[in-house]
Amino acid sequence: MDQIADGGAVEVRVPGPPVRFVALLRRGDQVLAFANACPHAGRPMNVAPDKFLFSPEGELVCAVHGATFRLPDGECVAGPCVGARLEVFPVEVEDGQVFAGQG
Ligand code: FES
């Protein structure tokens with residue numbers, strides 16, 4: 001938990017097979033986990049390692065073509081894939097450790 005800035009996000013690599021990349025977003029004591037694969041074209045949404053973009057309203061914005069995802073459900077509300085959803089993983093935080101399961 002300490003490695004995720006409040007209001008920010010990090011990307012973690014989940015060993016495979018298949019190898020997966022998951023975006024962990026922290027909002028206070030809550031952590032959200034999404035597959036870091038945009039439903040528009042399947043590309044990673046971050047602009048640089050652990051650097052994700054957010055709208056002024058706090059929505060997650062894909063750096064590739066600007067799809068905008070509402071939190072916490074990950075539904076695209078603006079951009080090229082309106083109505084599509086990010087793959088969401090359930091998260092538990094226990095003693096400062098973040099555990100994300102299968103969606
Ligand atoms: S790949 Fe994300 S908006 Fe196109």
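**Reading the strands, turns and cysteines**

Guide: In this predicted model, Val91 has Ala100 of strand S10 as its bridge partner.

Visitor: What makes S9 and S10 a pair of strands, and in which sense do they run?

Guide: Strand S9 covers residues 91-94 and strand S10 covers residues 97-100, and 4 bridges join them. Pairing asks for at least two bridges, so with 4 bridges S9 and S10 are called paired, and their sense is antiparallel.

Visitor: What lies between S9 and S10 in this hairpin?

Guide: The hairpin has 2 residues between its strands, and Asp95 there takes a positive phi near 50°, although Asp95 is not a glycine.

Visitor: Why is Asp95 called buried, partly exposed or exposed?

Guide: The relative accessibility of Asp95 is 78%; the exposed class begins over 50%, and therefore Asp95 counts as exposed.

Visitor: Which class does Asp50 fall into, and why?

Guide: Asp50, which sits in the loop between strand S3 (30-35) and S4, also has a positive phi, of about 60°, without being a glycine. Its relative accessible area is 41%, and because this value lies between the 20% limit for buried and the 50% limit for exposed, Asp50 is called partly exposed.

Visitor: How do you know how many disulfides there are, given the sulfurs of Cys76 and Cys81?

Guide: The cysteine sulfur closest to that of Cys76 belongs to Cys81 and is 3.5 Å away. A disulfide needs the two sulfur atoms within 2.5 Å, so the Cys76 sulfur is too far from that of Cys81 for a bond. By this rule the count for the model is 0 disulfides.

Visitor: Why are Cys76 and Cys38 placed in their accessibility class?

Guide: Cys76 has a relative accessibility of 1% and Cys38 a relative accessible area of 4%; buried means under 20%, so each of these two cysteines is called buried.

Visitor: What makes S4 and S7 edge strands?

Guide: The open sheet has 4 strands in the order S4-S5-S6-S7, with antiparallel pairing. S4 (53-54) and S7 (76-78) each pair on one side only, and that is what makes them the edges.

Visitor: How do you know that S4 pairs with S5?

Guide: S4 and strand S5 (residues 60-61) share 2 bridges in the antiparallel sense, and because at least two are required, the count meets the limit and the strands are paired. Phe54, for example, has Leu60 of S5 as its bridge partner.

Visitor: Which peptide bonds are cis around Pro17, and where is Pro17 found?

Guide: Gly16 and Pro17 are joined by a cis peptide bond with omega of about 5°, and Pro17 and Pro18 by a cis peptide bond with omega of about -10°. Pro17 lies in the loop between strand S1 (9-14) and strand S2 (20-27), and Pro18 is likewise in the loop between S1 and S2.

Technical notes:
Residues are numbered from 1 along each chain as its sequence is written. This is a predicted model: local features need pLDDT of at least 70, side-chain atom pairs count only at pLDDT 80 or more; totals for chains, interfaces and linings use all residues. Side-chain values use heavy atoms; hydrogens and water are left out. Buried means under 20% relative accessible area, exposed over 50%, partly exposed in between (1.4 Å probe, protein chains only).
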